[in-house]
Amino acid sequence: MKMFPTVLFLAIAFALAPASAADKMKHNHGVSDTPQKGHGMSGHDKKMQAYTGEVPHNLDTGSRRFTDHGMFSVDIASRLDPVAINKMHSWVLRVRSKDGKPIDGAKIVIDGGMPQHGHGLPTKPRVTEALGDGKYLVEGMRFSMNGWWEVKFDIDSGHHKDSVTFNLVLK
Ligand SMILES: [Cu+2]
């Protein structure tokens, strides 16, 4: 009987903890999207002011590329076309072997940001569905400003790991 108040207190504490943690996150960031790790948003305004460079002229903005070590051929198709800023949307990513066979069952991690501003993606896009035929649905894509964005996919097929980076220039 003596244990009862303690147990009750713990039960209440556990019940409240996740809600208050999530609440705190929202207040900290102002929005429900959490910034990517490792990219400080605090220096962003300063970097914006310092930024005067142009987007490189030879930038490959193609939607189909080989991965860095040539393991996979990858193409992307945005379901929002043309891509516009501040709109949450999804992409379909297609992964094939270098000889063109669809790669299903791959583990894919998405990262990115603006190389000229030193910040990451404002959201954490991820693969939410395998569509078959080497296709993957990527949800949670959103770009918060115009300029040069990189979107990087780390692909692990179980046999090979390789990465590919796509460039987008939003105007
Ligand atoms: Cu930026």
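Buried residues are those with under 20% relative accessible area, exposed ones have over 50%, and partly exposed ones lie in between (1.4 Å probe, protein chains only). The model is predicted, so local features need pLDDT of at least 70 and side-chain atom pairs count only at pLDDT 80 or more, while totals for chains, interfaces and linings use all residues. Residues are numbered from 1 along each chain as its sequence is written, and side-chain values use heavy atoms, with hydrogens and water left out.

**View A. Coordination of the copper ion by Met114, His117, His119 and Met145.** The donor atoms are SD of Met114, ND1 of His117, NE2 of His119 and SD of Met145, at 2.0 to 2.5 Å. Donors are N, O and S atoms within 2.8 Å of the metal (3.2 Å for Na, K and Ca); water is not among the atoms, so sites may look incomplete. The angles subtended by the four donor atoms run from 92 to 130°, which makes the arrangement tetrahedral. Four donors are called tetrahedral if all angles lie between 85 and 135 degrees; four count as square planar and six as octahedral if opposite donors are over 155 degrees apart and all others between 65 and 115, and anything else is irregular. Along the sequence the donor residues follow the spacing M-x2-H-x1-H-x25-M. Methionine 114 is buried at a relative accessible area of 2%, and histidine 119 is buried at 3%.

**View B. Polar contact of threonine 123 with glycine 140.** Threonine 123 sits in the loop between strand 5 (119-120) and strand 6 (126-132); helices (H or I, at least four residues) and strands (E, at least two) are DSSP runs, numbered from the N terminus. A polar atom of the threonine 123 side chain is 2.6 Å from the backbone oxygen of glycine 140. Threonine 123 is buried, with a relative accessible area of 4%.

**View C. Aromatic cluster of Trp91, Phe143, Trp149, Phe153 and Phe166.** Rings of Phe, Tyr and Trp (its six-membered ring) pair if their centres lie within 6.5 Å; planes under 30 degrees apart are stacked, over 60 edge-to-face and the rest tilted. The count by this rule is four aromatic pairs. In one of them, the ring centres of tryptophan 91 and phenylalanine 143 are 6.2 Å apart with planes at 40°, so the pair is tilted. Tryptophan 91 belongs to strand 3 (residues 89-97) and phenylalanine 143 to the loop between strand 7 (135-141) and strand 8 (147-156), so the pair ties together parts 52 residues apart in sequence. Phenylalanine 143 is buried at 0% relative accessible area.

Note on methods
A polar contact is a pair of N or O atoms within 3.5 Å; within protein, one must be able to donate a hydrogen and the other to accept it, and residues adjacent in sequence count only if both atoms are side-chain atoms.
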